[in-house]
Structures are given as C-alpha cells and as structure tokens.
Amino acid sequence: MKNIKFILPLLALTLFSCSDYLDINTTPNNLFFEQATPAKLLPGAQVTTYRVQATTMNTLGNVFMNSWTRNVQSYGNGYDNELQLVISNSFYSGIWDGLYLNLKNFDAIIKYPNPDGKYDNYVAAAKICKAFYMQRIVDLYGKCPYSEAWQGLANTTPKYDDDFTIYKDLVANLEQARALIANPSANAEDISGVDVMLHGDMNKWNEFANSTELRLLLRMSEATDATVKAFRDLKLQDIKNNTFLSANVVINPGYSGATDEQATPGFNVYAVTAAGTNQANRLFITMSGHAYKALQSTATTNWPAGATREIIAGSGVTYPDVTDPRSAKLFTVGSGQTFRRAVTQGATLVDVTTPTGSLPGLPCRLGLIGNFNPYFQAPNQTLAEYSACNGSVMSLSESKFLEAEAAVRYPAVFTGSAQTAFNAAVTDDFNRKVATIGTYLTVINAKPNFGFSPAFTTAQKLHAIMFQKWIALMGVNAIESYIDYTRTGYPLTPLSTVTNQTRKPYRLIYPVSEYVANSANVPNMVSNDAFAINAFTPFWKR
C-alpha cells in the first residue's frame with residue numbers, strides 16, 4: 001500500500017485558467033518538480049484541501065453531532081459505524097490521507113527558493129492555510145508527523161511530533177505570515193490572479209490569520225498543563241487588539257456545472273450531479289430527530305405523552321421550544337411530501353414529525369438554500385447557480401462566535417462585547433441561509449443555554465455559543481462543532497440509540513496507511529483508547 005501522504009500532488013501544476021483548476025484528470029506524468037512554482041501550487045492546494053473539509057470531514061461532523069442520519073424509510077443500513085461508534089484504523093481515513101497529501105503543496109510553497117521576496121505573498125497565504133488545516137490533523141489525531149513530514153523519498157517514515165509542539169509552530173507560522181503581510185518585499189508578486197480564496201487581498205489574509213490563531217488558542221481554553229496555559233495566555237495578549245474576520249473566507253476557482261468535478265464539492269456530493277440527477281445522498285441523508293427538536297417548538301413536534309423534553313435525560317437542560325426559521329432552510333420536506341419528518345439516530349422507523357403529521361413517510365432531505373446557497377444570493381434555484389456556489393472555508397459567523405467565546409472566557413483581555421459578537425454571529429448565519437431573522441434574537445436571548453444574556457452563567461453562555469455555532473456550521477463545516485464538543489462537552493448532544501459506547505470519541509485512530517508504511521513510528525493504539533482521556537488524547541484535552 002502506498003504511503004500517499006508523501007507523494008507530491010501535482011494536480012495544480014498545469015492550472016492556468018479558472019476552469020483548469022478543477023480538471024483533476026490532467027495527467028502530470030511529464031511534469032517536473034522545478035515547474036512547481038508557488039503560482040502553480042497555490043490554487044490546487046487551496047482547492048484540494050477544501051474538498052476534504054467540505055465532504056469527508058463535513059459528513060463525519062454532521063453525523064457525530066446528531067444533525068444527520070440515514071433515511072430509514074428507503075435504506076436499511078448506512079452510517080452504521082458512525083451511529084454505533086465503531087472506530088477503527090479505516091474509519092474516515094480520508095481525512096488524514098487527504099489533508100496530508102494536499103498540505104504538501106503548501107509546505108512546498110513555504111520552502112520554495114525566495115531570495116528576493118518575490119514569493120512573499122504566496123508564502124504568507126501558504127503558512128496561514130497550513131496552520132488552518134494542520135490544526136485539524138492535531139485536533140482529530142493528537143501526535144502526528146510534522147517536522148519530518150512532506151520530505152518525499154528523503155524520509156518516508158517521519159517521526160511523530162508532540163502535538164503541543166506542533167501547535168506552537170502553527171502559531172509561529174501565523175505570526176510569520178502576518179509579518180510578511182505587514183512588511184512586504186518591494187519585489188512581492190500580486191497573487192490575485194491565482195488566489196482562489198481571497199483574491200490577493202492581503203488585508204483579508206491578515207484577518208484570516210488572526211481568526212485562525214484565535215481558534216488555535218481557544219482550543220487550549222480548558223487545558224490544565226501550566227506550560228500550555230502560559231503559552232495560551234501570552235499569545236492571547238498578543239492578538240487581543242487584532243482585527244478578526246470582517247467577511248467570509250470562501251473559495252471559488254470557477255466552480256460550474258460543466259462536470260461533476262468542476263461543481264462546488266458539497267453540492268455535487270450531497271445534492272445533484274452535473275447531469276441534473278439527484279445524488280444518492282440527496283435521498284439518503286435526512287434530518288435527525290435531535291436536530292428537529294432543537295430547531296422546532298414543542299407545539300410543532302409530536303412529543304409522546306409524558307416524554308421528557310430534556311436533551312439528555314438527567315441533564316436538566318430542555319430543548320429551547322423555539323421554531324428556528326433556519327430549520328426549514330436546512331431541511332426541506334421530502335419529494336412529494338406535505339409534512340416535515342425526521343429520524344431519531346438509531347431508529348428503524350421515521351418517528352419525528354409535526355403533531356398532525358402522518359407516519360411513516362419520507363423524512364426531510366437537505367435543503368439546497370440552507371446548505372449550498374451563497375451568502376445573500378437568493379433565490380439561486382437553478383442547477384448552474386448551485387453548482388457554481390462559493391465554498392465556505394471559514395465563515396464570518398464562526399469567527400464571531402470565536403470572538404464571543406474569547407470575551408466570555410477572558411474578559412480582562414478581550415474587552416469587546418460578547419453579546420455584540422454573539423448577535424452578529426447569529427445574524428450572519430441567518431443571512432447565509434437566506435432566513436428571516438425577525439424576532440428570533442429577542443426570543444432566543446431570553447433562553448439560557450441557547451441564547452445570550454449577560455445575566456446568564458458562564459456555562460450557559462458557553463453552551464449558547466456552541467449551540468448556535470452548531471446550527472451555523474451544520475451542513476457546511478460540521479467537523480468544527482464536533483471538535484468543539486470534544487473540548488467543551490457543548491452543545492449537549494444525544495448518542496445514537498444503537499451505540500455501545502457511553503460517549504463520543506475524543507479522537508480518531510491513525511489510518512491503516514500509517515500502520516503499513518510508517519509502522520516504526522505510529523503510536524500503537526486500540527479502539528477503546530479513542531474514548532478515554534489518556535496519552536493519545538490531543539494535548540488540549542489532557
């Protein structure tokens with residue numbers, strides 16, 4: 001088996017036009033490494049790493065966070081390992097393999113000869129992207145190859161580095177990127193022609209670096225190690241006055257419906273093919289009963305007589321009892337159906353609907369506008385428009401939730417209003433989903449754990465931030481909610497009824513590619529290790 005992580009992905013080397021960025025079938029056999037200039041590497045690296053985030057990582061996050069489940073009306077199985085929490089070295093190995101493979105391109109840009117500063121802007125963008133995506137590897141796996149990674153045949157068995165050491169270097173990368181942006185070489189090339197994320201706007205790259213660093217530092221918010229805490233607190237002071245995202249970080253190299261490969265990754269995988277036929281996922285993926293109850297009022301839910309409204313029995317936290325206008329944008333009625341229906345994770349029958357809804361029947365499917373519509377571009381109801389949608393790398397909403405959390409946890413450092421940041425985050429998500437916010441903020445902000453008020457306890461505020469972030473990232477970047485959940489335990493999320501575990505895993509298991517090709521270095525762990533806090537757990541949770 002190949003150790004694919006160390007093969008240089010050359011798909012970017014022949015990319016010249018926007019549509020060519022997406023031609024993943026181009027044969028690279030006659031290309032040489034010296035042709036791999038930063039201008040040719042950057043767009044391909046951006047596109048291919050985002051594809052992993054938008055598909056494999058997004059699926060895992062949505063199922064683990066009990067937003068999605070399978071349509072049991074039409075399918076007898078699917079998501080079995082996810083619902084039963086059967087974790088192995090083949091479980092979602094595409095996250096590790098896909099990210100490592102494509103991070104090679106960012107690493108190559110950083111190491112490319114740059115004596116006169118010609119490539120400074122490329123290096124800055126690559127350092128930010130490397131930090132953004134490498135963080136996910138550490139968050140999901142803990143210790144991993146880093147200092148000796150991406151060396152090709154020079155080192156095919158890289159050592160595993162301490163995960164906190166990696167985190168510190170990722171922060172250093174962001175600091176170095178900001179320094180390059182603040183003091184550009186007179187020879188620095190404009191990257192607007194090849195940067196398919198922020199189009200060469202280095203001020204926006206600077207903001208993206210700041211929000212990425214804030215995410216790194218907040219990941220350490222509940223760490224107990226004194227050295228980790230000291231590093232975190234020092235760096236929080238360094239960035240407290242920085243400007244965080246003022247707009248969404250999106251990607252669009254010229255997505256279109258010309259072919260499946262050229263469509264926005266999420267839309268093609270979860271919705272409709274370039275030929276206009278529904279993907280299997282369009283019927284397979286459905287709204288979980290938990291998501292339905294969290295986004296609908298008690299009056300619009302068929303609660304059984306005497307059933308507890310608690311999210312988790314004994315938690316003392318009941319569902320918010322608010323019909324969220326985003327619910328109908330995220331999940332729409334099944335084809336030809338009248339009633340919205342959902343499925344409790346692990347159930348064998350469609351079991352959640354309105355009080356007057358008939359059962360069984362086709363459950364909800366993913367709403368196109370709520371999951372794939374670009375910001376502020378309603379109605380976007382043609383196949384061509386959906387296929388060409390921007391991909392969401394990091395939303396303004398996510399960044400604002402980070403600012404709100406920082407203000408709650410460290411009010412002496414981040415003196416801005418947590419309430420303002422929270423409201424802005426929720427409002428931005430309504431805009432993204434083209435949902436009418438109306439009085440939603442007024443209603444939800446009166447409810448502890450789901451809305452925000454200075455009068456609420458710190459725990460209630462943090463739960464509200466994570467709950468609203470869960471909604472905002474649902475269907476788009478749900479892996480982030482899962483990682484937040486492993487860090488904080490928020491938002492409260494029920495387990496599937498068919499799992500044999502008592503909690504969700506703190507991490508994933510190293511993939512089979514590592515046990516085959518790097519067996520001398522990969523830590524030897526078993527499935528149960530993923531469910532306990534131990535030496536394998538990411539450092540910020542130990």
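Okay, let's start with a charge and a ring: the charged end of Arg136 sits over the ring of Phe132, 5.3 Å from the ring's centre. There's another case further along, where Arg503 has its charged end over the ring of Tyr506, and here the distance to the centre is 3.6 Å. Before I go on, please keep in mind that this is a predicted model.

Staying with rings, then. How many aromatic pairs does a search of the whole structure find? The number is 31. Let me walk you through two of them.

Take Phe164 and Phe231. They pair edge-to-face, with 5.7 Å from centre to centre and 85° between the planes. What I like here is that the pair links distant parts of the chain: Phe164 belongs to helix 5, residues 163-182, while Phe231 belongs to helix 7, residues 226-239, and the two are 67 residues apart. Buried or exposed, these two, Phe164 and Phe231? Both are buried.

My other pick is Trp303 with Tyr319. This one is tilted, at 5.9 Å centre to centre and 50° between the planes. Both partners sit in the loop between helix 10 (289-295) and helix 11 (327-330), 16 residues apart. Trp303 has a relative accessible area of 15%, so it counts as buried. For Tyr319 the value is 9%, so that residue is buried too.

There's also an aromatic cluster to look at on the screen. Its members are Trp96, Tyr100, Tyr141, Tyr146, Trp150, Tyr160 and Tyr510.

Now, pockets. The largest pocket comes out at about 370 Å³. Tyr319 turns up again here: of the 23 lining residues, those closest to the pocket's centre are His290, Lys293, Tyr319, Thr344 and Pro494. And what is the lining of the largest pocket made of? It splits into 10 nonpolar, 10 polar and three charged residues.

Last stop, helix 18, residues 479-488. Why do I call it largely enclosed by the rest of the structure? Because 10 of its 10 residues are buried. Those buried residues include some you might not expect me to list in one breath: Glu480, Asp484 and Arg487 are among them, along with Tyr482 and Tyr485. As for what covers the buried residues of helix 18, that includes helix 1 (38-64), helix 4 (120-141), helix 6 (202-219), helix 14 (396-409) and helix 17 (458-473). And if you follow the chain just past the end of helix 18, you reach Gly489, which takes a positive phi of about 85°.

That's my tour, thanks.

Terms used. Residues are numbered from 1 along each chain as its sequence is written. This is a predicted model: local features need pLDDT of at least 70, side-chain atom pairs count only at pLDDT 80 or more; totals for chains, interfaces and linings use all residues. Side-chain values use heavy atoms; hydrogens and water are left out. Buried means under 20% relative accessible area, exposed over 50%, partly exposed in between (1.4 Å probe, protein chains only). Helices (H or I, at least four residues) and strands (E, at least two) are DSSP runs, numbered from the N terminus. Contact means heavy atoms within 4.5 Å. Rings of Phe, Tyr and Trp (its six-membered ring) pair if their centres lie within 6.5 Å; planes under 30 degrees apart count as stacked, over 60 as edge-to-face and the rest as tilted. A charge sits over a ring if NZ of Lys or CZ of Arg is within 6 Å of the ring centre and within 35 degrees of the ring normal. On a 1 Å grid over the protein atoms alone, a cavity is a set of points where a 1.4 Å probe fits but cannot get out, and a pocket is an open set with protein on both sides within 12 Å along at least five of seven lines; lining residues have an atom within 4 Å of a point. Grid points are joined across faces, edges and corners, and a volume is the space filled by probe spheres set on the points. Ala, Val, Leu, Ile, Met, Phe, Trp, Tyr, Cys and Pro count as nonpolar, Asp, Glu, Lys and Arg as charged, and the others, Gly among them, as polar.
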